[in-house]
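Hi,

Here is the structure I promised to pass on. Have a look, and my notes follow underneath.

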Amino acid sequence: MNQHNRFPDRLYLDQAATSWPKIPAVAKAVEEFIQTQGATAGRGIYESSRQSQRYVDQARFALAKLIGAQSPDSIALLTSGTHALNEAIQGVLRPGDHVIATAVEHNSVLRPLERLRKSGSIDLDIVPCDTTGLVQPGDIYDRLKAKTKLIVLCHASNVTGALQAVEEVGKWARSHDLIFLVDAAQTLGYLPIDVEDICADYLAAPTHKGLGGLLGTGLLYASERCQKMHQPLIVGGTGSFSEELDPDLPWPVKVEAGNLNLPGIVSVAVAAEYLIQQDLTDRHRNLMKRVQLCRDLLESHSSIRTYGVRDCSQQVGVLSWRHASLSPTEIAAILDSEFHIEARAGFHCAALIHSYIGTADEGTVRFSFSPEDSSCDHPSLTTAIQTLGEID
């Protein structure tokens, strides 16, 4: 059944979780692959398998171009942003290493680091953020130790949308010979990214959010030095060196054990090629103008408070807010049942940031928008906010 027909009045405001709808070309290409192709990549010498490998190559090439990577072979195709972050963290760290992370990170960063810390494998420092969700670079620099090996920083918070100073921190990390891991979950596909400019040694991201691919897809970019030192999180069949139990595999094959998600990779290739043709700076600028209108409407009611930076040019399309007398969960339920608006409520898989922005009790309501639609100023959203704002 067509999703548009099934939910005709649906207003989807959870783009930070996954993008919807996908562009028509993505759906068409995936359906065609499933119906007419369906072979594995790198496993057979027959033509359909070779064609599947071409899709893989196509995806790597398009993603490399999109993020400014010098080689398509620096791009590993994984199952999610979470997979990519765990792969980077656990693949590069060794016992005794010191890591600097921040309070704005997603649990996909914080939980693997905390597990390593509790096991005694690493020393970990968490840098605080301010009440808008911004991390001051100097606070990161102050945590430098003799055994510091890795700095992890998200490009943009998934709670407040605040853009972090990744370029400044990356250059500092490079000057101190530290490994810099950037979580681009909320910026890939929404903003221009150049891994060379931000001095990223690793860049991890899901490719089903701003990029527009299918769920179950993600990427991990690795610099040449990290490719060489990386120890894969998962090992198994790769379609190559099958006669060896402990082969010295090259990147990215070394982190792509098991059959790849070919329908997902087809979607990523098509979506990435579409975005390469777009002016991402202009798309972001236009989206943030609409987000500002939504923020202004929310803040026109004394019962509603928004969170995050005040300059929309310094954030992505994420708005977190609270109501004085209704819990985030109650608001999300009202939005869904009364207005057919789908928004996220709670802590958004970010354990630490809420203590700093003042929402540690119940989290926030989160609206997240796409440049592809006009949800920011949709009549249903305007009516819903006005209705909620009038509740004491």
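Starting with the packing: helix 7 lies across strand 5 and strand 6, running at about 170° to strand 5. Helices (H or I, at least four residues) and strands (E, at least two) are DSSP runs numbered from the N terminus, and angles run from 0 to 180 degrees between N-to-C directions of axes fitted to C-alpha atoms, for helices over the stretch in contact.

Before you read on, this is a predicted model: local features need pLDDT of at least 70, side-chain atom pairs count only at pLDDT 80 or more, and totals for chains, interfaces and linings use all residues. Residues are numbered from 1 along each chain as its sequence is written, and side-chain values use heavy atoms, with hydrogens and water left out.

Now the sheet. It is open, with 7 strands in the order 2-8-7-6-5-3-4 and mixed pairing (two strands pair if DSSP finds at least two bridges between them). Strand 2 and strand 4 (123-127) are the edges, each pairing on one side only.

Strand 2 (residues 75-78) is covered on both faces, with Ile75 and Leu77 buried on one side and Ala76 and Leu78 on the other (buried is under 20% relative accessible area, 1.4 Å probe, protein chains only). Strand 2 runs antiparallel to strand 8 (residues 218-222) over 4 bridges, and alanine 76 has leucine 220 as its bridge partner there.

Last, threonine 160 sits in the loop between strand 5 (148-154) and helix 7 (166-175). Threonine 160 is buried, at 1% relative accessible area.

Cheers

Terms used: Buried < 20%, exposed > 50% of the residue type's maximum accessible area, 1.4 Å probe, protein only. Contact = heavy atoms within 4.5 Å.
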